[in-house]
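Please open the model in your viewer and keep the selection tool at hand. The stops below are meant to be followed in order, with a pause at each one to look around.

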Amino acid sequence: MRAMVYRGPYRVRVEEKDRPAIEHPNDAIVRVTRAAICGSDLHLYHGMMPDTRVGMTFGHEFVGVVDEVGPSVQNLRVGDRVMVPFNIFCGSCFFCARGLYANCHNVNPNATAVGGIYGYSHTCGGYDGGQAEYVRVPFADVGPSLIPDWLEEDDAVLLTDAVATGYFGAQLGDIVEGDTVVVFGAGPVGLYAAKSSWLMGAGRVIVIDHLEYRLQKAKEFAHAETYNFAEYDDIVVHMKRITDHLGADVAIDAVGAEADGNLLQHVTAAKLKLQGGSPIALNWAIDSVRKGGTVSVMGAYGPLFSAVKFGDAMNKGLTLRMNQCHVKRQWPRLFEHIRNGYFTPSDIVTHRIPLEHIAEAYHMFSAKLDDCIKPLIVPNA
Amino acid sequence: MPYTSDKPKQAETAEELRARIPGWGADLDPKDRPSVPKERFDPTLSGAHWEFPERQEEKWPRERSIEHSMLTPVFGTSCPPKGLSGVIRKYAYARYSEGRAAHWLLLVAADRVDTAESTLRSFATLRPDNPITQTGVLSEVRRHGWSSRVGRKRVDTGHQLLDPIIVGAPWVAAGLLGYAAIRRLTRGRR
Ligand SMILES: NC(=O)c1ccc[n+]([C@@H]2O[C@H](COP(=O)([O-])OP(=O)(O)OC[C@H]3O[C@@H](n4cnc5c(N)ncnc54)[C@H](O)[C@@H]3O)[C@@H](O)[C@H]2O)c1
Ligand SMILES: [Zn+2]
Ligand SMILES: [Zn+2]
């Protein structure tokens, strides 16, 4: 089969690989019909995530058709159209039994601090991902769901991570009616987080980025008030100024490890790999939120330390909430919201790229060219 | 104003927001949201029909965190450790817990060694690594690299200049080493 393969920092190619096999009785093999590149893939692509091996296939956002099932699979049949959450989870461990699917203890031998994620380095379990023609899906009775008839494939693939994560990020903000919410990052996760903040009753939603075209999308898609941090000497002071010097009630970090805005932080983290991630946006969130407020961290950081301003967080009495998203837990409600027409996830898709051209897609998405917001990958295009 | 007790006035009322934003307030009740409460005990909800999953066959000694008491029943089988990078990885797992910086720094070092080893190995195949096609840099033309950057207020264009150095440095180093080796060989002949 054809599959994207990592060759080293900033280098990927498409290779002929063996079709994955059933390795466990509850495995399924899914033929991928749509995949996507996520902001998280950039952390791998830039070589920031420890134990990212040459030869791995990335991709944790994908939907497809069940091609083969293991002997113990009861809930899926060959031919079913399925959407697969980015989390790999057993459904039965201490954590899964409590709904913490992102923190499953039975799927990742490489680390106890991280759950299992498709195509996301050995630190997340060493599974190949879905930027390929076929992918192995463990715990087929637990993870995947049938794609509802009314749901477009492009919307379904976005629900496997970005939509669910943005929605989860707004929930971890513990928003109450009338709250002012500031979202750092106008990528897919930030856009969905901003839109979701309104669903939870926010009174004001502000989005910060330095890419004008993405801020424009935040205005249109998420009805947000936007600021380009490149235009301000000190974005934290600006946030204070526009909130009566109180600060926002809730801040959401939807940027993560590659955050820009401070060259030293960015270069030590993203280029030199001396930090787990560059915490610029996280620090801005901590400093922009009001005392007693909540910071929700959706941005991903590596397992090494990062220079986070914990002193400020402590002195301000902040609540810091964070996790990888428990994707499947969000789906029933998100299905309702999408059916009700509150928003259409695929409105933020800018590119549909054949798998064969994935190296260009990575470069474009990483360097933010061609006003790219969300690239989908189409195998067999 | 934080200097007095009242919350700043909201610019728009709930009715105005509901009219302007589709779905505003659909999840208004903080208790009625899918991730609330954070932990909700319900072992049957997930669809799992086992108390503990069957075990996947271990076809080679699978490296694992020493913070685990056993190999997890299911695990990924992509890219078994190999070469010098594999030795470093196995040592990082066997010796240091996730709590130790050495664990992660060794793994990052192994990643760099893996890249070098794999690139060298690729030269012995019909498909050697090609930094031009693999970096997708040719999309700079088709995807408007110039107009996507110039004249915009984005702040990342400066450090993007470092990217070709990060990609290119090992190739330059390998070239210089190769050149030095050839010179030494030819000198030895003379
Ligand atoms: N918690 C989870 O489950 C989960 C799931 C998916 C993605 N993520 C993480 O969410 C983050 C965002 O993902 P994405 O797909 O939207 O990525 P993306 O790269 O498309 O978006 C990041 C955005 O942040 C902007 N940005 C950079 N520095 C900034 C700063 N200092 N302040 C404000 N904005 C800044 C960038 O210009 C970009 O628009 C990533 O770190 C990703 O790993 C987490
Ligand atoms: Zn992701
Ligand atoms: Zn589990």
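Begin by selecting A:Tyr6, A:Tyr10, A:Tyr45, A:Phe58 and A:Tyr362, and show their side chains, since together these residues form one aromatic cluster. Bear in mind throughout the tour that you are looking at a predicted model.

A search of the whole structure finds 17 aromatic pairs over all chains. To look at one of them, select A:Tyr227 and A:Tyr232, whose rings are arranged edge-to-face, with 6.3 Å from centre to centre and 70 degrees between the planes. The pair is called edge-to-face because the angle between the planes is over 60 degrees. While both residues are still selected, compare their surroundings: A:Tyr227 is buried, at a relative accessible area of 15%, whereas A:Tyr232 is partly exposed, at 27%.

Rings also take part in another kind of arrangement here. Select A:Phe94 together with A:Arg98, and you will find the charged end of A:Arg98 over the ring of A:Phe94, at 3.8 Å from the ring centre. Then move to A:Phe365 and A:Lys368, where the charged end of the lysine sits over the phenylalanine ring, 4.7 Å from its centre.

Now select ligand 1 and display the residues around it, of which there are 34, with A:Ser40, A:Asp209, A:Val255, A:Asp260 and A:Cys325 coming nearest. By class, this shell is made up of 18 nonpolar, eleven polar and five charged residues.

Which polar atoms should you look for beside ligand 1 at A:His43, A:Val189 and A:Asn323? At A:His43, a polar side-chain atom lies 2.8 Å from an oxygen atom of ligand 1. At A:Val189, a polar backbone atom is 3.1 Å from an oxygen atom of the ligand, and at A:Asn323 a backbone N or O atom lies 3.1 Å from a nitrogen atom of the ligand. Ligand 1 taken alone exposes 870 Å², and the protein buries 97% of that area.

Next, colour the elements of chain A that give two or more residues to the shell around ligand 1, namely α1 (39-45), α4 (188-199), β11 (204-209) and α8 (280-288). The largest share of that shell, four residues, comes from α1(A).

For the last stop, select A:Lys271, which belongs to helix α7 (residues 263-271) of chain A. Is A:Lys271 buried or exposed? With a relative accessibility of 10%, A:Lys271 counts as buried. Finally, add A:Cys104 to the selection: the two residues are 167 residues apart along the chain, and their C-alpha atoms are separated by 31 Å.

Conventions
Residues are numbered from 1 along each chain as its sequence is written. Chains are lettered from A and ligands numbered from 1 in the order in which they are written. This is a predicted model: local features need pLDDT of at least 70, side-chain atom pairs count only at pLDDT 80 or more; totals for chains, interfaces and linings use all residues. Side-chain values use heavy atoms; hydrogens and water are left out. Rings of Phe, Tyr and Trp (its six-membered ring) pair if their centres lie within 6.5 Å; planes under 30 degrees apart count as stacked, over 60 as edge-to-face and the rest as tilted. Buried means under 20% relative accessible area, exposed over 50%, partly exposed in between (1.4 Å probe, protein chains only). A charge sits over a ring if NZ of Lys or CZ of Arg is within 6 Å of the ring centre and within 35 degrees of the ring normal. A residue is near a molecule or strand if one of its heavy atoms lies within 4 Å of it. A polar contact is a pair of N or O atoms within 3.5 Å; within protein, one must be able to donate a hydrogen and the other to accept it, and residues adjacent in sequence count only if both atoms are side-chain atoms. Accessible areas come from the Shrake-Rupley method with a 1.4 Å probe; for residues, only the protein chains shown count as cover. Ala, Val, Leu, Ile, Met, Phe, Trp, Tyr, Cys and Pro count as nonpolar, Asp, Glu, Lys and Arg as charged, and the others, Gly among them, as polar.
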